[in-house]
Every structure is written in C-alpha cells, then in structure tokens.
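Today I open a fresh page for this protein and its ligand. I plan to start at the binding site and then wander along the chain.

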Amino acid sequence: MEKIVSLCKRRGFIFQSSEIYGGLNGCWDYGPLGVELKRNLKNYWWRVMVHERDDVVGMDGAILMNRAVWKASGHEDTFSDPMVDCLLTGKRFRADQIDEQSGWVVSFSGAVDFEAFQKLQQEKEAPERSSIWSEIELAPHLRGIFANYSSSFDLDSRSGYVQLSDPNGQMKSLELLIKRGTLGTSSLQPFLAMEIGGDPKSFRWSSNRGVNRAIKLAQDFYRKRGVTNPIVIAVGVQREEHSKRFNPENGALLTGPRAFNLMFKTYVGATEDDSSVTYLRPETAQSIFVQFKNVLEVSRKKLPFGIAQIGKAFRNEINPRNFTFRSREFEQMELEYFCRAEEGMKLLDYWLEERLKFYESIGIPPAKVHARKVPDEERAFYSKGTYDIEYDFPFGRQEVEGVAYRTDYDLSQHQKASGKSLEYFDEETKQRFLPHVVEPSAGVDRSVLALICEAYSEDEAPDEKGKMEMRVVLRFHPRIAPIKCAVFPLLKNKEPLVTKAKEIVALLRPHMHVFYDETGAIGRRYRRQDEIGTPFGVTVDFETLGEKNPDLRDTVTLRDRDSMKQERVTLKDLPGILVSRIS
Ligand code: GAP
C-alpha cells in the first residue's frame, strides 16, 4: 500500500487535500492523471448504466437540500456511528472497528501527590512529632493505609504506585485524607489501563526497566488531570481476553459508545440558527427519491425503470483511513431502480450480477471481487436483502459497493412527510401504488482505489543496453487508463520525425487522450508511460518517413504496454485499431 500511495503522489494521481497547510484529514485531491482515471470510470459507469439501457435515465441533484428531506429519510435522527474516545489521548475511534486486545487490566481508584505521600510515610516513623499522625481521629486511618501496601517510588520522576491490600477500607481512609487536603493535589477519578499482551501467566508490577506499562499510562492519565507528581492507587488487576474496551494503540480505557451523527451541518442564508440548518448530503440517493415524480412524468417510463446519478457525498467519518478508502468527501454512482413489490427480490439478484460483470469489464478479475450477503442483524431495518460487493484490497477485503433492496421505505417516508403523492399509476391495471426500489450504490473513490491497487505491478524490462531492470507498471484496462496512447518521435532533433509525430497526435486527439513525449531515450519514455498505465505507445522512426524502405512510409510501431510487443501499423489504420482496443 505504501508503494501505491507514493506512486499516486509522485505521478499525480492523488494528493493530500490542502497539503501545504498540513492537509485535512479524510480529504483528497485528484491530480492530472487521477482526474482522468476517475472520469473514465464515471463515464463508463454512465455508459453501461444509462446510455446502453432503455430503462434508465439520469439526473444531477443539488448537494444541499431542504432539511425536511433528512428528517423524513431518517438521517437526522439515525445516521450515526457509535464512537468511543481514548480517556488518555482523546483520540476517537469507531466502536465497531476496535481491534480486540488481550492483556492485564489494572484498576486504579485515583492518584495522590508524591511529596505529600512521602512526607506522611516518613512521619510514620515518629508519629509523636507529626502534627497529622498525632491527630487522634486520623491516626487509625493513617495506620490503615500505611500498614499494609506494596509500592514502588521513583525519586527521579517523582512518581510511583501504591497497591492497596484492602481497597475498600483503605480507600475510605484515603478519601478522608484527600478531603482534608492532607494528600496534596489528588484525584479520585477511577481509571483502567491494559498492559496489552504481557505475560499471560503472571502480572509484574515493575521490572528493572521501570513500572509496568499500565501503571505508566495511569500516571500520564492523572498528570493530565492535574496531579503533577502522581502516586497512582491500584486496587485490582485481572486478565482480559479479546476485549474492545481499550485503545489498541496504547491500552488506555475507552469511553462507552456514543452515537455520532455523520452528517456535516451547515446554514443556508445569512442567519445561523436552527431555522437555517441543513446538511451536506451523505448520499446522492435522496435527491432521486424526492424527484421521483418529476422524472417519472418527463421521462414517461414504465416500471421497472431506474434513475441514475453520480455526485459528491459527505460524511464526517470518525476515523478516515486506508488512503482514500474511507474519506469525508467522496463520490457515489447510484442507481435507484423502481419496480413492483413482487419483483424486488428477483431484481436484487439481477443487479448484483450486473454489477459484478461491471467490475470485470473494468479490469478487476472476478477472483478478487466478492458478493457478501449482509446478514439480517447488519441490514437496515427497511431492507429486505442487501449484498456488499467487496474487493481484496492490500489492507483486507472491503466494500466497494452495496446492492440493496430498500422496499418502498424511502418513497413512503417522503410521501408522508411532504404530503405529496409519490404514487405510480399503472395504466393497464388502473392501480396506484408506491414502487419498491433496488439500489446498486458504488463508491467512485473506492473503485478508483481498487483499480489502482489491481493495476499496480512490478516486473522486469530491458534498459537501453539490454540489461534487465525493475519496471513498475500500472496494468489498467485500456478502457479506463488515464492516457490511452503516447506518441514518440525516435529523435527530438530530427525535424521530420517531430513533425510527423505531432501530426499523429492531432490525428488521434479527437478520439482519445494522447500524450506527446520527445525527451530522453526511447526506453525511458516507454518506462515513464508504463508507470502511469498508458496501454499503447506509438513510435515515429525513419521507416515512417520512408527513408529506408518506401513500403514502410506512413507506418509506425505500436507497442503494447503489457506484452511489450511491437507491431507495425499504417497511419490509416492506427485510429481504428486504437479505438477498438480502448472502447
Ligand atoms: N445510498 C446508499 C448508500 O449510500 P452506503 O453503503 O452507505 O450506501 C455506498 O454507501 C457506497 O459509497 C459504499 O459502498 C462506498 O463505496 C461508498 N462510500 C460510503 N462511505 C464512504 C466513505 N466514507 N469514503 C469513501 N467511499 C464511501
């Protein structure tokens, strides 16, 4: 994945958004090659899903919609992920994405100040000379605490831990002393920390390298809460297996899960109060549902038929990660395919098959794409069946598209909330009813990432002197490759070669995205194009000019990126050959 991310930046596919200001987490910019790749993908999706079908029309809705849409769709109340925060660092995680950890968990009931505690301990040796130890009502409490505990103090860092032998009784005494201010700055906030891993057979409080990691965490925790030199009070230790309660990065306790709405809130107009609130859309689908009636009327389609849309969506993801895979701003390619209720399940299977074919047709082999039937407990309550289409990314098998049978849930919600009929009138049966819908919803950015991951490969190719060297190739399907063909004059200082090459560029440009390159040795130029996935290279040499053999005048070599084979083709045939291979 690191190699892919670095290639993407180096060759201009994808950059971090606002990079010169340190970036903006979860947002990405597509560079000159990335934008071509993305457009090719979207255009091909549009071709297959809209232009090549009689039963689908397109639309392009606004990103901002009336807040009532998000209330009716359920997004305002329920479009949330459970989130948890690390009690030590404040880092936020999605509760359902925490990796399980096993280890020793130490419970702490608070922390007291090192200096004050040490002073009391020293005074224990001569209680009659101590103003605190000689207080009659305090002395039993002090003896209770100081008589029986294990501890370790570190004079350099002025910190340590105390492990109480009778937590219940001793804590009461500590509380009393804390209330009186006898123990200096202190905290009684409970905390748990896990020593991740650790020796599963026994727990060691300290070693010659210092205190246990869980104690160290607790000391940092209480320092952050104002106890500058903390002696942490440990009241128990136990082994936990496969726990999701701790920060996998450090072992500190996480808060309990809280719902976090993923929609970005914004205000429309000059006033910023509740009356002007709306959201950046978290999916493109809702504008299709709310325009269903308008599109139906103008397109005069009969059921089953679909409305397709490609556009931006925004989600304030808790943990954007895996490069562009989970972003806060991304694009979706969605089809809402309206049908009669009785056709829903059949069409769900139909669209799953269509969509699987699509991935194969853009160069992702079926062996790397998987349909996962989403189990009942994971499915949205209104869906009668959902499949996730997953791809084997380098970071694991992950969803690129969802195909869901959403029943008539969305249309009925909007009909109820708006008071406007969204029913379909069947001319033949003279019946009115709300259509059901099957929705294939694909992520543009995730598909682009899958295409790049799939295309990335390393092999060997001969350099100028015939010596084999490592070659990075992006083996994009020609149909989605950012640049289709590169044109090279063999030598840049031979004017007739350059002129001819530029003529060929002009010949091909109306049909495809072409790149002209005259700098460097020809092998280097091929290599540069291999690295960005250009499937074809055309070289203009002296034979093209007819200098060696008049029969070869107006012919060029056409090189294939993957096989590295070269064929001689006439200029007359060149556009047709290339167009047939890239369409
Ligand atoms: N209208 C249905 C819907 O939005 P979804 O499963 O939440 O369903 C559909 O999203 C697709 O959108 C996903 O399969 C994924 O490809 C893409 N997607 C969702 N959240 C994303 C994110 N944070 N970053 C990139 N792509 C995302």
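Before sorting the shell by class, I fix my terms: Ala, Val, Leu, Ile, Met, Phe, Trp, Tyr, Cys and Pro count as nonpolar, Asp, Glu, Lys and Arg as charged, and the others, Gly among them, as polar. I also remind myself that I am looking at a predicted model.

**Entry 1: the shell by class.** With those terms I sorted the shell around the ligand and got 10 charged, five polar and four nonpolar residues. Which residues come nearest to the ligand? I found E283, S327, E334, E399 and V400, out of the 19 residues around the ligand.

**Entry 2: where the shell comes from.** I then asked which strands each supply at least two residues of the shell. My list reads β17 (329–339), β20 (396–407) and β23 (436–443). The largest share comes from β20, with five residues.

**Entry 3: polar atoms at the ligand.** I looked up three distances here.

- E399 places a polar side-chain atom 2.6 Å from an oxygen atom of the ligand.
- E317 has a polar side-chain atom 2.8 Å from a nitrogen atom of the ligand.
- G443 takes part through its backbone, where a polar atom is 3.1 Å from an oxygen atom of the ligand.

Next I checked the cover: on its own the ligand has 550 Å² of accessible area, and the protein covers 89% of that. I also looked at the pockets, and the largest one is the space taken by the ligand.

**Entry 4: F330 and L303.** I moved on to F330, which is found in strand β17. Is F330 buried or exposed? I note it as buried, because its relative accessibility is 13% and the cut-off for buried is under 20%. I then took the C-alpha distance from F330 to L303: the two are 27 residues apart along the chain and separated by 31 Å.

**Entry 5: the loop between α10 and β16.** L303 led me to its neighbour, since I wanted to look at the peptide bond from L303 to P304. That bond is cis, with omega near -5 degrees. P304 lies in the loop between α10 (292–299) and β16 (305–314). R300 lies in that loop between α10 and β16 too, and I stopped at its phi, a positive value near 50 degrees in a residue other than glycine. I count R300 as exposed because its relative accessible area is 70%, and exposed means over 50%.

**Entry 6: R158.** Here I found another non-glycine residue with a positive phi, about 50 degrees. R158 sits in the loop between β7 (149–154) and β8 (159–164). Its relative accessibility is 31%, so I write it down as partly exposed.

**Entry 7: strand β6.** I looked up two residues of this strand, which covers residues 101–113. Q101 lies in β6 and counts as buried, because its relative accessibility is 12%. What lies 3.2 Å from a polar atom of the side chain of Q101? I found the backbone oxygen of D99 there.

D113 also has its place in β6, and I mark it as buried because its relative accessible area is 13%. My last distance for the day links D113 to S186: 73 residues separate them along the chain, yet their C-alpha atoms are 5.9 Å apart.

Note on methods:
Residues numbered from 1 in each chain as written. Predicted model: local features only at pLDDT ≥ 70, side-chain atom pairs only at ≥ 80, totals over all residues. Heavy atoms only, no water. Near = heavy atom within 4 Å. Polar contact = N/O pair within 3.5 Å; in protein donor to acceptor, adjacent residues only side chain to side chain. Areas by Shrake-Rupley, 256 points an atom, 1.4 Å probe, with all protein chains shown as cover. 1 Å grid on protein atoms, 1.4 Å probe; cavity = no way out; pocket = protein on both sides within 12 Å on 5 of 7 lines; lining within 4 Å. Sits in = over half its atoms within 2 Å of the grid points. Helix = DSSP H or I, 4+ residues; strand = E, 2+ residues; numbered from the N terminus. Buried < 20%, exposed > 50% of the residue type's maximum accessible area, 1.4 Å probe, protein only.
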